[in-house]
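Please open the model in your viewer and keep the sequence panel visible. The tour below proceeds by selection, one stop at a time.

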Amino acid sequence: MNKLPQIKVSFVVEGKEFEVEQLTKEIDILPTETRGMDDWPEAIKSNTNLPEDLHPRCVWCICKEDLCMQIEIPIQKIIMLLKGKEQKLLEFCKKRNLKKFISIVIHGDVMNLPEIILSSDTVSYLGRLEVEIGFDIYIY
């Protein structure tokens with residue numbers, strides 16, 4: 001039997017400088033990962049030739065990972081965490097000019113990939129949050 005694909009979904013808020021602890025407190029969700037400006041390698045912090053989008057930034061992230069055949073399963077777990085906190089999240093991010101995105105990373109067997117479909121409800125919800133959606137697919 002083939003192994004189920006591994007799907008990792010990350011909801012990420014990032015920006016130049018903001019207090020990740022303040023976002024945690026504001027929306028009452030404990031992040032899976034955070035990264036402050038000082039957490040970047042010195043080679044990145046001191047490199048003035050990097051494009052703007054590769055400069056050090058603060059990152060607040062919640063991740064869900066599953067072995068499953070539908071990308072909606074881990075996405076729905078993140079949506080359940082965010083339910084009822086949308087307005088606070090939007091206000092916090094708008095005030096500080098922060099970027100929000102969902103990263104979907106799939107690792108799977110060439111003959112056993114998951115269903116890569118987003119329901120209209122999921123697309124509408126993420127759209128209301130002004131979230132970009134990105135995919136990385138690794139096939140073995």
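Of the 140 residues in the protein, 39% are buried. The model is a predicted one. With the whole chain displayed, the C-alpha atoms fill a box of roughly 50 × 40 × 20 Å along the principal axes. Colouring by secondary structure shows five helices and five strands, which follow one another along the sequence in the pattern β-α-β-α-β-α-α-β-α-β. If contacts between residues at least 6 apart in sequence are considered, 82% of them join residues at least 24 apart.

**First selection: residues 99–108 and 132–139**

These ranges are strand S4 and strand S5, which pair in the parallel sense over eight bridges. To find one of these bridges, select isoleucine 104, whose partner in S5 is phenylalanine 135. Now add residues 120–128, which form helix H5. Together, S4, H5 and S5 make a right-handed β-α-β unit.

**Second selection: serine 10**

Serine 10 is found in strand S1. Is serine 10 buried or exposed? Its relative accessible area is 9%, and serine 10 is therefore buried, the cut-off for that class being under 20%. Display its surroundings next: leaving aside residues up to four places away in sequence, serine 10 touches Cys61, Ile62, Cys63, Ile78, Phe101, Ile102 and Ser103.

**Third selection: the largest pocket**

Select Glu14, Gly15, Lys16, Glu52, Asp53, His55, Pro56, Arg57, Asn97, Leu98, Lys99 and Phe101, which line the largest pocket. Two elements, strand S1 (6–15) and S4, each give two or more residues to this lining. The space within the largest pocket is about 280 Å³. Which classes of residue make up its lining? Colouring by class separates six charged, three polar and three nonpolar residues. Phe101 deserves a second look here, as this residue lines the largest pocket and is also among the residues that serine 10 touches.

**Fourth selection: the second largest pocket**

Replace the previous selection with Glu17, Phe18, Glu19, Val20, Glu21, Thr34, Arg35, Gly36, Met37, Asp38 and Cys58, the lining of the second largest pocket. The volume of this pocket is about 160 Å³. Helix H1 (20–27) and strand S2 (33–35) each supply at least two of the lining residues. Coloured by class, the lining of the second largest pocket shows five charged, four nonpolar and two polar residues.

Technical notes:
Residues numbered from 1 in each chain as written. Predicted model: local features only at pLDDT ≥ 70, side-chain atom pairs only at ≥ 80, totals over all residues. Heavy atoms only, no water. Pairing = 2+ DSSP bridges. Helix = DSSP H or I, 4+ residues; strand = E, 2+ residues; numbered from the N terminus. Right-handed = clockwise from strand over helix to strand, strands pointing away. 1 Å grid on protein atoms, 1.4 Å probe; cavity = no way out; pocket = protein on both sides within 12 Å on 5 of 7 lines; lining within 4 Å. Points joined across faces, edges and corners; volume = space filled by probe spheres on them. Nonpolar A, V, L, I, M, F, W, Y, C, P; charged D, E, K, R; others polar. Buried < 20%, exposed > 50% of the residue type's maximum accessible area, 1.4 Å probe, protein only. Contact = heavy atoms within 4.5 Å.
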